[in-house]
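Colleague: I have the model open and would like to go through it with you. Shall we take it piece by piece?

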Amino acid sequence: MTVKRDRPLSIIEVRAAAGDPRRGWLSADGWTVPVALGRGGILANKREGDGGTPRGVFHPRKLWWRADRHQRPTTFLPTRPIRREDAWCEDPADRHYNQPIRLDREQGGDRLTREDHLYDFIIEIDHNAAPRVAGRGSAVFLHLARPNFSPTAGCVSMTKTSMLRLLRRMSPQTRIVIG
């Protein structure tokens with residue numbers, strides 16, 4: 001028998017906290033957890049570098065995780081371990097804008113392997129994905145928060161405990177409603 005907690009979530013809602021647009025709440029299936037949002041708050045007209053978390057309805061595409069630090073979490077999402085050369089293209093002039101790329105050891109760029117633990121788990125969402133529009137924002141993820149829940153560059157971040165709980169019920173069909 002399948003119980004409710006074994007089925008994927010149909011919807012996750014993210015909203016700004018009263019009094020601080022850089023903090024928020026993520027709610028799903030009767031539970032609510034604190035999150036950090038972009039330094040620009042939730043924005044309807046997201047632009048590259050504005051620090052805003054995009055307003056809209058999105059879907060998770062894939063879980064990227066640091067297999068060198070954690071075992072593969074339970075999830076309905078497709079998964080991909082993060083490798084040293086994995087990065088994300090944030091250059092609007094590049095044909096790979098808002099897509100994963102591979103960098104040589106000598107190249108700079110936004111690597112997914114970070115010394116801190118913010119990217120130990122990354123949920124890639126379909127913001128500005130189909131079609132990709134140069135300058136409309138890139139690398140918008142759900143990832144781990146800093147200990148003080150300081151603002152992100154436009155992502156939604158949470159504690160590791162909240163992330164693992166969310167992942168257990170998240171699928172590519174789960175709607176992520178921000179705003």
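Colleague: Start with Asn98. Is Asn98 buried or exposed?

Modeller: Keep in mind that this is a predicted model. The relative accessibility of Asn98 is 8%. The cut-off for burial is under 20%. Asn98 therefore counts as buried.

Colleague: Where does Asn98 lie, and what is its phi near?

Modeller: Asn98 sits in the loop between strand 9 and strand 10. Most residues other than glycine have a negative phi. Asn98 is not a glycine, yet its phi is positive, near 55 degrees.

Colleague: Which residue in the loop between strand 13 and strand 14 should I look at for phi?

Modeller: Look in the loop that runs between strand 13 and strand 14 (156–158). One residue there is other than glycine and has a positive phi, near 55 degrees. Its relative accessible area is 15%, so it is buried. The residue is Phe149.

Colleague: What is the omega of the peptide bond from Ala130 to Pro131 near?

Modeller: Pro131 is in the loop between strand 12 (121–125) and strand 13 (141–144). Most peptide bonds are trans. The bond from Ala130 to Pro131 is cis, with omega near 5 degrees.

Colleague: Now the hairpins. Which residue takes a positive phi in the hairpin of strand 1 and strand 2?

Modeller: Strand 1 (residues 11–17) and strand 2 (residues 20–28) are antiparallel, paired over five bridges. Ala17 has Asp20 as its bridge partner in strand 2. Two residues lie between the strands, and the one with a positive phi, near 90 degrees, is Gly19.

Colleague: And in the hairpin of strand 2 and strand 3, which residue takes a positive phi?

Modeller: Strand 2 and strand 3 (residues 31–36) run antiparallel and are joined by six bridges. Leu26 faces Val33 across this pairing, and Arg23 stands opposite Ala36. This hairpin also has two residues between its strands, and the positive phi, near 50 degrees, belongs to Asp29.

Colleague: Which strands are the edge strands of the open sheet of three?

Modeller: The order of this open sheet is 10-9-11, with antiparallel pairing. Strand 9 (residues 86–88) is joined to strand 10 by three bridges, and Ala87 stands opposite Ile101 there. An edge strand pairs on one side only, and that describes strand 10 (100–102) and strand 11 (110–111).

Colleague: How many disulfides does the structure hold?

Modeller: A disulfide needs two cysteine sulfur atoms within 2.5 Å. For Cys89, the nearest cysteine sulfur is that of Cys155, 15 Å away. The number of disulfides is zero.

Colleague: Are Cys89 and Cys155 buried or exposed?

Modeller: Cys89 has a relative accessible area of 5%. Cys155 is at 5% relative accessibility. The cut-off is under 20%. So Cys89 is buried, and Cys155 counts as buried.

Colleague: Which residues touch the most other members of the largest nonpolar core?

Modeller: That core has 28 residues. A second, separate core has ten residues, including Trp64 and Phe141. In the largest core, the residues touching the most other members are Leu26, Ile123, Leu142 and Leu166.

Colleague: Which residue of helix 1 does Leu26 touch?

Modeller: Leave aside residues up to four places away in sequence. The contacts of Leu26 then include Ile12, Val14, Trp31, Val33 and Met158. Helix 1 covers residues 160–167. The contact of Leu26 in that helix is Leu166.

Colleague: Why do the buried residues of helix 1 line one face of the helix?

Modeller: The buried residues of helix 1 are Ser162, Met163, Leu166 and Leu167. An α-helix has 3.6 residues a turn, so residues three or four places apart point the same way. Seen down the axis of helix 1, its buried residues line one face because they fall within an arc of 130 degrees.

Colleague: Last one. What is the relative accessible area of Thr53?

Modeller: Thr53 is in strand 5 (residues 53–54). Beyond four places in sequence, its contacts include Leu37, Ile42, Leu43, Cys155, Val156 and Ile178. Thr53 is buried, and its relative accessible area is 0%.

How values were computed. Residues numbered from 1 in each chain as written. Predicted model: local features only at pLDDT ≥ 70, side-chain atom pairs only at ≥ 80, totals over all residues. Heavy atoms only, no water. Buried < 20%, exposed > 50% of the residue type's maximum accessible area, 1.4 Å probe, protein only. Helix = DSSP H or I, 4+ residues; strand = E, 2+ residues; numbered from the N terminus. Arc of directions from axis to C-beta. Contact = heavy atoms within 4.5 Å. Pairing = 2+ DSSP bridges. Core = buried A, V, L, I, M, F, W, Y, C linked by side-chain atoms within 4.5 Å.
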